[in-house]
Amino acid sequence: MESTKLFLPFFTLSLLSGLGFARHHHHQHRHLQTSKLFVFGDSYVDTGNTSPSDPNYPKTPYGVTFPGHPDGRFSNGRVLTDYVARIIGLKSPIPYRVVEKEGVEGAKDGVNFAYGGTGVFKTGYDLPTMTTQIDFLQHLIANSTFTPQGINSSFALVSVSGNDYSYYLSTNGSIKGFIPLIVRVVKQIEVNLKRIHSLGVKKISITALGPLQCVPEITSSSDFKHCNSSLALLVDFHNLLLRQAVDKLNKETNDSPFFILDLHAAFLSIIQNKGDPQGSIKFETPLQPCCYGASPGYYCGSVDEDGQKKYVLCEDPNSAFFWDEVHPTQQGWIAALTFLISAMKQHV
């Protein structure tokens, strides 16, 4: 069940209202004329495309805070998509896998095409890459699920949170090959962003790569106390190339439709300051995840052959920035929102 101590929805609504994002004032704010949200990417934004039959489906205790059970979100509750939708005055868009069932009416706020575990390229899961996810939107335009007018007033959220890189490392990829891979990944991101824009979407945000050097999967080797400085250099290189690519794309278009949602700066600040800048949310041990494997080889949600749980779960998910080895908690996303709102307010 959702804790009474949780800031959401009251904290988030007051935060959004205070910064000019109250959804009842559509006539006052240009950006709230956005009619649809389209989401592409991975588990930072997936709200239910991975199904219980998929090997990477987030099982119990995922969803323990919201909606109270696993629902395909890779957190204890809401994720980035849910908050971006709220900022622009929409409901969280339906997952693509239910579009056929829900129809045009169900898709009135847009569609989430993101699948947890996927990347710009293939990552070992038999799930749609970002190229295929964009194909899905193109198909929905071709079959008139969405009108040109609806597409022209839409907003796209694109998340690339590092699955291409973790997959590369899992296949014993060399450090030497990492730099060319980053170049390839960012070049493909550029192609993808350009293609989304060519379909008629007028505003497109792409997430900066978060500080992978600080995710619990990496910091567990230091008992969740220290980030990995060598990995930080690779992350910085990705983000440098991404900024250059976005600048280039904006120069090639008239209305500067592309912008970066800087998860990197947001996450690092939260980790360094042990909370959000306002001091309204605190994380005493920000590198320590709430949910993790009880021993090597196990992860959050793992059970043994007898069905016994093989993970450790913290008492209060609101006290943790990271939910599991790589994903923020719902409260972590709310803290990050205090950074992301201002960027969205400028661009949307």
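The side chains of E252 and K194 come together in a salt bridge, with 3.5 Å from N to O. This contact joins distant parts of the chain, since E252 belongs to helix 9 (residues 229-252) and K194 to helix 7 (residues 178-198), 58 residues apart. The model in which this pair is found is a predicted one. Neither end of the bridge is buried: E252 is partly exposed, with a relative accessible area of 44%, and K194 is partly exposed as well, at 46%. The two residues also have company, as a network of salt bridges links E190, K194, K248 and E252.

Across the whole structure, the search finds eight salt bridges. Two others among them share an arginine, R73. In one, D71 pairs with R73, and the closest N and O atoms are 2.5 Å apart. In the other, the partner of R73 is D82, at 2.8 Å from N to O. Here the surroundings are buried: D71 and R73 both fall in that class, and D82 is likewise buried.

Aromatic contacts come next. A pair of aromatic rings is described by the distance of the centres and the angle of the planes. The search of the whole structure finds 16 aromatic pairs. One of these is formed by F38 and F113, a tilted pair with 6.3 Å between the centres and 35 degrees between the planes. The two residues are 75 residues apart, with F38 in strand 1 (residues 36-40) and F113 in the loop between strand 3 (110-112) and helix 4 (130-142). F38 counts as buried because its relative accessibility is 0%, which lies under the 20% limit. F113 is buried too, again with a relative accessible area of 0%.

A second pair, F267 with F321, is edge-to-face: the centres lie 5.2 Å apart and the planes meet at 80 degrees. F267 is in helix 10 (residues 263-273) and F321 in the loop between strand 8 (311-313) and helix 11 (330-347), so this pair ties together parts that are 54 residues apart in sequence. Both rings are buried, F267 at 2% relative accessibility and F321 at 0%.

Returning to F38 and F113, these residues also take part in a wider grouping, for ring pairs link F38, F40, Y96, F113, F136 and F146 into a cluster.

Finally, charged side chains also meet aromatic rings in this model. R78 lies over the face of F66, 3.8 Å from the ring centre. In another such contact, R184 sits over the face of F121, at 4.6 Å from the centre of the ring.

Note on methods:
Residues are numbered from 1 along each chain as its sequence is written. This is a predicted model: local features need pLDDT of at least 70, side-chain atom pairs count only at pLDDT 80 or more; totals for chains, interfaces and linings use all residues. Side-chain values use heavy atoms; hydrogens and water are left out. A salt bridge is a side-chain nitrogen of Lys or Arg within 4 Å of a carboxyl oxygen of Asp or Glu. Buried means under 20% relative accessible area, exposed over 50%, partly exposed in between (1.4 Å probe, protein chains only). Helices (H or I, at least four residues) and strands (E, at least two) are DSSP runs, numbered from the N terminus. Rings of Phe, Tyr and Trp (its six-membered ring) pair if their centres lie within 6.5 Å; planes under 30 degrees apart count as stacked, over 60 as edge-to-face and the rest as tilted. A charge sits over a ring if NZ of Lys or CZ of Arg is within 6 Å of the ring centre and within 35 degrees of the ring normal.
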